[in-house]
Amino acid sequence: MKRFLPTSLAGQMALLLGLALLVAQLANFALILNERQKLGLAQSEGPAIITFATVADDYGDAAPIFRQAVIEDQSRRGARFAEAAQSGIGESERDTALETQIDAALAKAGATARSVRAARGPGTDVNPRTGRRREVPPDIQLLRIAAQQQDGKWLTARMATPRRDPLLALRLGAATLLLYLLVLGATIWIAVRIARPLRDLTRAAGRFQGRDEPIAVPSRGPGDVVRAIEAFNAMRHRVTALLDEKDHMLGAIGHDLRTPLASLRIRVESMEPREEREAAIAKIEEMTAMLEDILVLARTGRARETAREVDLAALAEALVEEYRELGQPVSFVESARQVAAVQPDLIRRALRNLIDNAVKYGGSARVSVARTADGVAVTVADEGPGIDAAERQRVLQPFQRLEGSRNRGTGGAGLGLAIASSVAESHGGRLILADNVPRGLKASILLATEPPTEA
């Protein structure tokens with residue numbers, strides 16, 4: 001059921017308000033229809049029933065010799081009264097609801113009747129003086145009423161009244177539907193007016209990764225939404241300023257540290273004995289490499305390199321050729337052309353880290369590029385001991401290593417996988433570590449060929 005419900009704010013508001021309005025309009029329609037029917041009944045049949053009750057009272061009070069005069073006097077246009085031995089209304093024609101109303105009217109007028117019969121519907125009107133018959137028009141209904149007197153005779157009446165409006169329910173329904181659509185349309189417009197700037201705000205928050213200059217979200221919508229957007233724009237500018245300040249600080253630290261390390265390297269070159277000199281130089285190189293890794297990791301999310309369309313298969317193959325020229329056991333699996341918008345230098349750096357790890361811990365590396373359902377996967381596989389599933393998430397964090405020593409020759413600084421993961425995330429992708437069947441580890445950089453889906 002949940003998958004059929006709208007997920008957007010505008011959709012949920014429109015659905016909720018639409019249902020509430022629908023229930024309210026249905027109740028309103030039922031009440032109005034009932035009242036209009038009662039009013040129509042009172043306006044059309046009420047006067048005729050009162051007239052019959054009055055005539056019946058006069059007829060009952062009159063002496064037998066004057067009763068015919070009463071009937072002739074009351075038989076005017078639209079009403080025909082007569083005295084008969086039978087009611088003229090069959091059992092199948094009787095309208096009990098109408099008879100109940102006539103009984104009440106007779107009692108109120110003070111008239112008495114042994115029995116009352118009544119029927120309504122189309123029929124033929126007869127002029128008692130001329131005997132001419134005529135069909136009742138379609139907008140008129142004929143009430144036939146008969147009240148049995150105490151002497152057994154029946155006072156009958158044929159009374160023409162306006163017919164109940166057959167299109168009343170249809171017209172009320174159309175008016176109710178029109179009102180519902182107007183109110184619902186206004187409600188949806190208000191909901192969209194509120195939801196659209198919130199959707200822009202969500203899209204901007206999802207796209208913001210700190211690499212580019214912040215794009216201001218247009219301030220529109222109700223006052224509360226406008227203030228929220230303005231606060232978000234201000235916050236994003238502050239975050240960008242803090243990241244810029246961090247980059248400048250890291251650049252200054254890197255410059256300040258590289259200079260004394262270079263000076264120290266020059267001084268160490270003249271050290272004796274040779275073994276101590278080589279050990280000191282190795283330590284300086286280790287510090288320089290670690291410093292470079294830290295700066296790369298810190299600046300990955302703020303890299304200013306322009307993203308461009310690159311054939312990832314060609315990039316990976318060229319990198320593998322560099323390793324092979326150096327005699328490294330690295331191979332490339334022939335792959336089809338896979339183009340994606342990336343920052344080539346960062347991708348190349350991430351692949352170098354994965355290949356270095358594969359060669360160092362697995363003895364060899366096999367690089368492949370393949371299309372996936374979500375984009376492109378660049379995979380580096382080895383046949384080493386692998387990494388336990390419980391440890392895979394931990395080793396993606398900076399300075400986390402499976403090898404316990406601090407020797408870069410054996411364990412490194414623990415930044416290689418962290419840099420590769422950060423590079424993948426900066427491209428809207430991710431780094432996945434998995435088992436390589438039958439043995440070893442597969443490290444895959446998954447890159448989306450389209451912008452990542454926004455929350």
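The crossing of helices α2 and α3 is right-handed, which is the term used when the near helix is turned clockwise from the far one by less than a right angle. Before going on, I should say that this is a predicted model, in which local features need pLDDT of at least 70 and side-chain atom pairs count only at pLDDT 80 or more, while totals for chains, interfaces and linings use all residues. Residues are numbered from 1 along each chain as its sequence is written, and side-chain values use heavy atoms, with hydrogens and water left out.

Helices (H or I, at least four residues) and strands (E, at least two) are DSSP runs, numbered from the N terminus. Helix α2, residues 46-61, packs against helix α3, residues 67-74, at an angle of about 160°, with the axes 8 Å apart; such axes are lines fitted to C-alpha atoms, for helices over the stretch in contact, and angles run from 0 to 180 degrees between N-to-C directions. That angle makes α2 roughly antiparallel to α3, a label given to angles over 145 degrees. On the α2 side the contact, meaning heavy atoms within 4.5 Å, is made by Val55, Asp58, Tyr59 and Gly60, and on the α3 side by Arg67, Val70, Ile71 and Gln74.

Let us turn to the sheets, where two strands pair if DSSP finds at least two bridges between them. One open sheet has 4 strands in the order β1-β6-β5-β2, with antiparallel pairing, and its edge strands are β1 (79-84) and β2 (115-121), each pairing on one side only. Between β1 and strand β6 (residues 154-162) there are 6 bridges, and Glu83 has Leu155 of β6 as its bridge partner. Helix α3 packs on this sheet as well, touching β1 and β6, and its direction makes about 160° with that of β1.

A further open sheet is formed by 5 strands in the order β8-β10-β11-β13-β12, and here the pairing is mixed. Because β8 (330-332) and β12 (430-435) each have a single partner strand, one side of each is left without a neighbour in the sheet. Helix α8 (residues 312-325) lies across β8, β10, β11 and β13, running at about 150° to β8.

Which residues does Asn353 touch, leaving aside its neighbours within four places in sequence? They are Gly416, Ile419 and Ala420. Asn353 itself sits in helix α9 (residues 344-362), and it counts as buried because its relative accessibility is 11%, where buried means under 20% relative accessible area with a 1.4 Å probe and protein chains only.

Notes
Parallel < 35°, antiparallel > 145°, perpendicular 65-115°, else oblique. Buried < 20%, exposed > 50% of the residue type's maximum accessible area, 1.4 Å probe, protein only.
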